[in-house]
Amino acid sequence: MQIVRIGDGSTERHTADHIGAKAANLAGMASLGLPVPPAFVLPVKLCAAVIEGDPHAERHLIDGLREGVAFLEGVTGKRFGDRRAPLLVSVRSGAARSMPGMLDTVLDVGCSLAAVRGLIRQTGNPRFAWDCRRRFLEGYSSVALGLDPAPFSAELTRIISAEGAENDRQLDCEALERLAMAYHDLVEDDCPSEDPEAQLLGAARAVYRSWMSERACAYRRMENLEHLRGTAVAVQAMVFGNRGLTSGAGVAFSRDPSNGAVEPVIDILFDAQGEDVVSGRVTPLTEAALVDALPAVAVDLRDILARLEREYEDVQDIEFTIENGKLWILQTRAAKRTPRAALRIAVDLVHEGLITPHEALRRLKCVNIDSIVNASLDGAGKPIARGVAASSGIAVGRAAFDTAGAERLAGAGDAVILMRPTMTTDDVAGFAVAAGILTAVGGRTAHAALVARQMGKPCIVGCAINFDASARKAQIGAAVIQEGDWLSIDGDAGAVYLGRGKIVEQRPDDELAEFARWRSGAHHRAPRSEPASNC
């Protein structure tokens, strides 16, 4: 077995079937000269054998990790887990087809106590170093060790309360050190927290195993991806968005994936790592904040979005990190989009000369064109709240507060609005039966929002909702919502209404007429071969 190196100057392209779509696109970006942190990839073909415990696969895994780490050390000039110039890595998944948020990632691998001292020595920033340590222990304990996250959450809550802070982002370096040491005590008997090589092996095994997680299996069933053979494992040198206010992490789309508008959608959190943005636990800032804080980075990001869209001839969804004012691109992929956006984007890309009508028809092959409408609410009254519009469309349904409640109400024949404090990919079964989704926190670019758009579900995030889980009710402003009450949501305006509004639908006639012309023209041609569908 050979590892694939990314960032060694090679311009070789690799197939998604071999190293996963995420790593294949990463290698493609590196070959274009874009700022991509160096990485190496263990192939998809190892996945099933590692999960089954095959000893030959285990040997290949261990040897590949050692070879890859030596490569990263040579490229970066750092040493894995070193006490003076430590190299930390992320361990990421990547199947041949995108499965946003369904597979696992472990960040800051190699962050032993010795490495913490090295980070402090390197950067002069102890808060950053201890933040990396506690993030590693949080992620590794959950993903690699399968430990209950409740004790970790309890320690975090205790220290936040003791410090009089609102959240972990307000903790100083001394509080983060105490938090990291409390986490260390929780995992002391289970975690190789001082052995970077053991950390890396455990993380890689866990990422391969995540292929068979309940949410990943459910997603493959829903999206007809059960033919896929597994995930690759990509190990990438860490770049740090949590080094201060000139650092950050974010997600960006080259066009609006909710409605198809020709305008980038950019979410960012400063002094944060990527998981903070895509997890949906925090409501991020928008492009305006990036322009104010780091205008040159904002210009570079827009330029890269436009370049990637031209290169891949499709709307791109990227993850990025800014470290001390330098922009790094961590991944790019074709953006998940609503059916309505899919039609508009296809028409616009044809007009711009990026794709042909034949290619546009191929991309729309799995979209139910007859169901595409521009919807609005009639007679809904004044909204009781507004949030951030994350996926376009109108939904009217009964309120449900968890997946079980959504499945129960949907089973009785009612439309459902799934209401959650945060939106995670663990709720994917609830997404499937819901007519719309409403959350208290989270961003337009969180993994779960991507899944909602892919499913064509209207979605509003960052809405001021107070939940009472024991009483199965929620409060929005002065309105108290019981489970089963009727709500209406406008995913274009980000507005929430009480009661059953009337949905008024109009067809996007101009775009549908163009689609009909393409299809009519296609009937007069008989292409010799049809590319594989993206469905």
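**Strand 11 and a helix pair**

Author: Welcome! In this predicted model, Phe320 stands opposite Ile329 in strand 12.

Reader: What is the partner of Gly250 in strand 11?

Author: Phe320 again: this residue is the bridge partner of Gly250.

Reader: What makes strand 8 and strand 11 a pair?

Author: Pairing needs at least two bridges. Strand 8 (residues 248–253) and strand 11 have six bridges, in the antiparallel sense, so they count as paired. Strand 12 (residues 326–334) is joined to strand 11 by eight bridges, and these two also run antiparallel. In the hairpin of strand 11 and strand 12, two residues lie between the strands, and Asn324 has a positive phi near 50°.

Reader: Why is strand 11 called largely enclosed?

Author: Buried means under 20% relative accessible area. Eight of the eight residues of strand 11 (residues 316–323) are buried, so the rest of the structure largely encloses this strand.

Reader: Which residues show that both faces of strand 11 are covered?

Author: Gln316, Ile318, Phe320 and Ile322 are buried on one side, and Asp317, Glu319, Thr321 and Glu323 are buried on the other.

Reader: Now the helices. Why is helix 3 called oblique to helix 8?

Author: Helix 3 (residues 55–76) and helix 8 (residues 196–209) pack at an angle of about 125°, with axes 11 Å apart. Roughly perpendicular covers 65 to 115 degrees and roughly antiparallel is over 145, so helix 3 is oblique to helix 8. Their crossing is right-handed.

Reader: Which residues meet there?

Author: Among them are Leu61 and Arg66 in helix 3, and Leu200 and Tyr208 in helix 8. The contact has eight nonpolar, no polar and four charged residues.

Terms used. Residues numbered from 1 in each chain as written. Predicted model: local features only at pLDDT ≥ 70, side-chain atom pairs only at ≥ 80, totals over all residues. Heavy atoms only, no water. Axes fitted to C-alpha atoms, helices over the stretch in contact; angles between N-to-C directions. Helix = DSSP H or I, 4+ residues; strand = E, 2+ residues; numbered from the N terminus. Parallel < 35°, antiparallel > 145°, perpendicular 65-115°, else oblique. Left-handed = near helix turned anticlockwise from the far one by under 90°. Contact = heavy atoms within 4.5 Å. Nonpolar A, V, L, I, M, F, W, Y, C, P; charged D, E, K, R; others polar. Buried < 20%, exposed > 50% of the residue type's maximum accessible area, 1.4 Å probe, protein only.
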